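User: Could you take a close look at one part of this model for me, the place where the two chains meet? I'd like to know what each side brings to it and what kinds of contacts turn up there.

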Amino acid sequence: MTSDSHALPSTGDHGHHAHDAASHGTLSSYLIGFGLSVVLTAVPFWLVMTGTIADKQVTALIVLVLAAVQIVVHMVYFLHMNTRSENGWTMMALIFTVIMVVIALTGSLWVMHHLNVNMMPVHDMSQMP
Amino acid sequence: MTLATVSTQSSEPVFHVIDEHAHPEGASTMLGFWIYLMSDCLIFAILFATFGVLGGNYAAGPAPKDLFDLKLVALNTTMLLLSSITYGFAMLTMEKSKVGATQAWLVITGLFGLAFLGIELTEFAHMIHEGATPQRSAFLSSFFTLVGTHGLHVTFGLVWLTTLMVQVARFGLIEANRRRLMCLSMFWHFLDVVWIGVFTFVYLLGMLR
């Protein structure tokens, strides 16, 4: 795809290529991505529905890791993310967004968890004088 | 952009671009749309954070275990995954400039999207019928906000899909329509990525709570 647009003389001498951001996959890349995402969806559902692993925390951890892997699979095979499209600006925007998301999520959960923990002595109120 | 030094000594070589060069139409659309998607990503991040904070506050009301049917969620996930791959096929046929096949794959994608919405609305209706309304608890408020926002995105994606099918039917696979279809492709796959977060954080981890 990219080599085609580079070869066109009419696109000019500058580094602007309208199609780079959405460089398409091939049939095999779509099918590989689909196969991977089916497995990565089926395994966590199976783990939670059957309760194969007795420890809930271990199950939760595996489910989270599989979700993270599946998000990467979707990004690569369906959204065609790479470091080259738009001279790396799509990747730059993605990295910035991921940093913002991590700050917002961990910050909120961390602060609110501690707030909850410190608000806990509700039950002890009755025993107070 | 012209600097004063250029006019004073014209014999010196110019090392900067004096005028902005021409951009082909739609050259920056993809990057712009990607940045829109990233901003959408932040909206969902905040809704996920809200759900993460409030998701355990049942107010003595129903908990995820009482409400969620994982078989239904698995079916819903399958619908969205299938719609993602069929949209991918639509893009592949668009590359080959096959109007009929592209339209056919878009119809199939739309039907899977409709099935997803139908199942989701059935689930919502069932929950509300049981008294698990958004007003019931903080958990349910944040649940309906997060999952509802995703559903709303899918709804607008379907409206967009229909619009583009009319466009392709009228004008064919012209350059502008290809660009629009590529934008919708990114939107549609992005919604699938958000759904991975929804079924993991809300449904699967909800059942494990």
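Analyst: What follows is a walk through the interface, mostly from the side of chain B, with a few notes on what surrounds it. Keep in mind that this is a predicted model.

Let's start with the head count. Chain B puts 48 residues into the contact, and chain A puts in 47. Between them they bury about 4300 Å², with carbon and sulfur atoms giving 83% of that area. On the chain B side, three residues stand out: Trp34(B), Leu81(B) and Leu208(B) together supply 15% of what chain B buries against chain A, more than any other three residues.

Now for the polar side of things. Across the interface of chain B and chain A, the rule turns up zero salt bridges. As for polar contacts, the count is one residue pair, with both residues at pLDDT 80 or more.

Which elements of chain B touch chain A? Those giving two or more residues are helix H2 (29-54), helix H4 (70-95) and helix H7 (175-208). H7(B) has the largest share, with 15 residues. Sort the touching residues of chain B by type and you get 33 nonpolar, nine polar and six charged.

It helps to set this beside the record. An unreviewed UniProt entry lists "transmembrane region" for residues 33-60, 72-92, 104-122, 143-166 and 186-206 of chain B. Take two of those spans in the model. Residues 186-206 of chain B are 100% helix and 0% strand, and their end C-alpha atoms sit 29 Å apart. Residues 104-122 of chain B are also 100% helix and 0% strand, with 27 Å between the end C-alpha atoms.

So where does a salt bridge show up, if the interface has none? Over all chains the count comes to one, and it is made by the side chains of Arg179(B) and Glu25(B), at 3.7 Å from N to O. Arg179(B) belongs to helix H7 of chain B, while Glu25(B) lies in the loop between helix H1 (4-8) and H2 of chain B, so the pair links parts of the chain that are 154 residues apart. As a general point, side chains of opposite charge can pair when their charged atoms come close.

Last, a word on the partner. Chain A is divided into domain 1 (25-80) and domain 2 (84-118), and the centres of these two domains of chain A, taken over C-alpha atoms, are 21 Å apart.

Technical notes:
Residues numbered from 1 in each chain as written. Chains lettered and ligands numbered in written order. Predicted model: local features only at pLDDT ≥ 70, side-chain atom pairs only at ≥ 80, totals over all residues. Heavy atoms only, no water. Contact = heavy atoms within 4.5 Å. Buried area = accessible area lost by both parts, 1.4 Å probe. Salt bridge = Lys/Arg side-chain N within 4 Å of Asp/Glu carboxyl O. Polar contact = N/O pair within 3.5 Å; in protein donor to acceptor, adjacent residues only side chain to side chain. Helix = DSSP H or I, 4+ residues; strand = E, 2+ residues; numbered from the N terminus. Nonpolar A, V, L, I, M, F, W, Y, C, P; charged D, E, K, R; others polar. UniProt positions renumbered as here; feature names shortened; annotations may be inferred. Domains from an automatic or database assignment.
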